[in-house]
Amino acid sequence: MRQFAQAAAYACVFELRVRMLADMTSALRKQAFRPLSELLSEVLEYYNEALSAEDRAALDGAAVLRNKLLHLELSRATGKLVALREQLDAGQVLQGTFEDGEVRQVSKTSTADGRIFGWLLESSTSGAFTAAQKRFDAGIEIIERLVLVAL
């Protein structure tokens, strides 16, 4: 649970930094309270010259990951991390049912089928929460660079 809390905190700080950047940029100030994906599109467009393709991809990836994590779509958050080439140690958490005796890896289920508890364990043991935290931290660093451009 602590790893989820840390990753969620980084997701919130990432969102806060994007919103603070918009708030300190006169052309974006009124956009600061829009949904994060819409706001980020505006930020990317406004600061286009100061961003590399890798920066834009990292910020987009962090925003999508934030949504998946905070809405407890943990299987999709893990899928996003895998798509971003994170190396996870998946498949260590097993789930069984007493009715039919079936045992399966949580990593091969959806969040609904693997259940929230199973996916919290899977994300903790696979390193997904740690990888998410690193992705948010990288996004925060990019936004902090843009703050210097805004000044």
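Reader: Charges before anything else: how many positive and negative side chains are on the protein chain, and how far apart do the centres of the two sets lie?
Author: There are 18 positive and 20 negative side chains, with the two centres 2 Å apart. Lys and Arg count as positive, Asp and Glu as negative, while His and the chain ends are not counted. Each charge is placed at NZ of Lys, CZ of Arg, CG of Asp or CD of Glu.

Reader: What kind of model is this, and which pLDDT do local features need?
Author: It's a predicted model, where local features need pLDDT of at least 70 and side-chain atom pairs count only at 80 or more, while totals for chains, interfaces and linings use all residues. Residues are numbered from 1 along each chain as its sequence is written, and side-chain values use heavy atoms, leaving out hydrogens and water.

Reader: OK, the fold. How many helices and strands?
Author: Six helices and two strands, running α-α-α-α-β-β-α-α from the N terminus. Those are DSSP runs numbered from the N terminus: H or I of at least four residues for helices, E of at least two for strands. The C-alpha trace spans about 60 × 25 × 25 Å along its principal axes.

Reader: What about the largest pocket, what volume does it have?
Author: About 160 Å³, taken as the space filled by probe spheres set on grid points joined across faces, edges and corners. A pocket here is an open set of points on a 1 Å grid over the protein atoms alone, where a 1.4 Å probe fits, with protein on both sides within 12 Å along at least five of seven lines; lining residues have an atom within 4 Å of a point.

Reader: Which element gives the most to that lining?
Author: Helix α5, with five residues. β1 (94–96) and α5 (111–126) each supply at least two. The lining includes V93, Q95, R115 and F117.

Reader: Switching topic: why does T78 count as buried?
Author: Because its relative accessibility is 12%, and buried means under 20% relative accessible area with a 1.4 Å probe, protein chains only. T78 lies in helix α4 (residues 74–83).

Reader: And what does T78 touch, not counting residues up to four places away?
Author: L88, W119, S123 and A128. Contact means heavy atoms within 4.5 Å.

Reader: D55 next. Buried or exposed?
Author: D55 is buried, at 11% relative accessible area. It lies in helix α3 (residues 53–70). Leaving aside neighbours within four places in sequence, D55 is in contact with A50, I142 and R145.

Notes
Buried means under 20% relative accessible area, exposed over 50%, partly exposed in between (1.4 Å probe, protein chains only).
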